[in-house]
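Trainee: I am new to this structure, and I would like to understand how its descriptive terms are justified. Could we go through them with care?

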Amino acid sequence: MEEQNQNSGNKTANRVITAIFVFLVFGLTIAGFFSPVRARSESENRNLAQKPEFSFDALFAKNEEKKYTVLYEKYLSDQFVGRDAWIGIKTRTERLLGKTDINGVYFAEDGYLVTKTESSKTDHEQEEKNIARLVEFVKKYRVSLGEGYVHAMIVPTAAYTLSDKLPPFTSEYDQAALLDRLGEELPQGSLIDAREELLAHTDEYIYYRTDHHQTALGAYYDYRAWAKATGHTVRELSDYEMRVGSEEFYGTLYSKINLPMRADTVTIYDDGRSYRVEYDMSGKKQNGLFVESRLAEKDKYMVYLDGNHAMTDIIQQGGGENKEKHVLLVIKDSYAHTFVPFLAQDYDRVIMVDFRYSKMPVSMMVEQFGVTDILVMYNATNFISDENLYQLER
C-alpha cells in the first residue's frame, strides 16, 4: 500500500511539472502573438530586432548574419515575453553554477563588470586591415598637415587596465601587444599611449562598474597623456569645476546581466568656457558641452556631448577673429565623449565624427572645416573590430 501511494505521488508530481512546462511553452508563445512588438529595450539600452521580411534570397543568403532563419531567431529572442526578467533569472542560475562570465561580461573583483574579448574569437583579419589603414592614414596626413599635428590614441579598456580584478584563467585579447605594435608601425611620435597614466591610477574610479566606458576621471588621465605628447599645457583637475550629475547610472554591462548591484556615479568636469555645439549639421545648436537633461534618462552617459552622432561641431566662443584658427578633427568612438571636454579649450573648433553614422570623406572634412589637427581615438577592442575604418582611406 505504501509503495502504491508513493507511485501515485510521483505521478501527481510529474503531471504538475508537465503542466507547468506546457503552460510556459504554449502560454508564453501565445502571449507573444498578442504582445506588441517593441522597438527598443530601455533596460538593455539598444534597439530590438524586428520581424524580417521573407524572401528566397534571404533564406539562402551566403552571409550567415543575413540569413532569414538567423534574423527570425534574433527577432523571436528579442521580442520574447518578459525578456528582461528572464535575463536576470538566467544570470542568477549561471552564477549559482559557478560561471565567472555571462553574456560576454566578466564578474570581476570589487563589484566591476568588465567586457570580455577572447583572443581566440578575435577577427584577426579585420584587425590587420584596421592597423594597416590607420598607419597609412597617419602617414598621409602628416605630410599635408605636418608631423606634429596628426595623432592616434588607442585607449586600453578595463580588461587591460584592471586586469588584476579579472577572474583567474581568462584568455583575454592582448591589448598591450596591440599598443606595442602600433608604437612600432606608426610614425614616431604619432601614437599617444595612455597606459602609463592609467596604470598609475588603478586604485581610483577610472572605469564605470556597470558600463564599458571610462569615467570622466579616467578620461582626464587620457587627457594628461595627450597633453604631454602634443606639447599642450597639462591642466590639473582643480582647473575644472567638478559636480556630480547622477549617482544612479546603470550602464551597458549591467543591462546584459540584469542583477541588482551598486549604481555608478556620473561626474562632470567643466572648464567654465562658452561653447556652441551643433549636431549632425542640422542647424540646431546648443550651448555647452554637457546635456544635463540626459541625466533623467537611463543612458546617463549621453550627458557628455549628447551621446553618439554622425558629427558633433564644437565652436569655442569669444576667441577673436584675427588670430590663427586651430581646428581639431577627432575620428572616434564613444570613448571620446568624456575626453574631448578636457581639451576643447585648446582649440577654436573641434569636429567629432563617428564613422558608424557618417559617410563624409575625411578629405572633404579637412577642406571644408579648415582642419589643422587630427586625432584618431578609439578604445582598443573597438579599434580592432570596427568594420567602418575603411573610411580612413577616403
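Trainee: What makes a group of residues here the largest nonpolar core, and which members touch the most others?

Mentor: A nonpolar core is a set of buried Ala, Val, Leu, Ile, Met, Phe, Trp, Tyr and Cys residues joined through side-chain atoms within 4.5 Å, and buried means under 20% relative accessible area, with exposed over 50% and partly exposed in between (1.4 Å probe, protein chains only). The largest such core has 56 residues, of which Met153, Tyr223, Trp226, Tyr304, Ile314, Phe339 and Val340 touch the most other members. The greatest share of this core comes from α9, with nine residues, where helices (H or I, at least four residues) and strands (E, at least two) are DSSP runs numbered from the N terminus. Another core lies apart from it, with 37 residues, including Leu182, Val362, Ile374 and Tyr378.

Mentor: Please keep in mind that this is a predicted model, in which local features need pLDDT of at least 70 and side-chain atom pairs count only at pLDDT 80 or more, while totals for chains, interfaces and linings use all residues. Residues are numbered from 1 along each chain as its sequence is written, and side-chain values use heavy atoms, with hydrogens and water left out.

Trainee: Which residues is Trp226 in contact with, beyond its neighbours within four places in sequence?

Mentor: Contact means heavy atoms within 4.5 Å, and Trp226 has such contacts with Met153, Ile192, His232, Phe339, Leu343, Asp346, Tyr347 and Leu375.

Trainee: Why does Val234 count as partly exposed?

Mentor: Its relative accessibility is 26%, so Val234 falls between the two cut-offs and counts as partly exposed. Val234 lies in the loop between α9 (216-230) and β7 (241-249), and, not counting residues up to four places away in sequence, Val234 touches Tyr223, Arg224, Ala227 and Lys228. The C-alpha atoms of Val234 and Arg224 are separated by 6.0 Å, although these residues are 10 apart along the chain.

Trainee: How many residues line the largest pocket by class: nonpolar, polar and charged?

Mentor: Ala, Val, Leu, Ile, Met, Phe, Trp, Tyr, Cys and Pro count as nonpolar, Asp, Glu, Lys and Arg as charged, and the others, Gly among them, as polar; on that basis the lining has 13 nonpolar, 20 polar and 14 charged residues. A pocket is an open set of points on a 1 Å grid over the protein atoms alone, where a 1.4 Å probe fits, with protein on both sides within 12 Å along at least five of seven lines, and lining residues have an atom within 4 Å of a point. Four residues of the lining come from α13, which gives the most.
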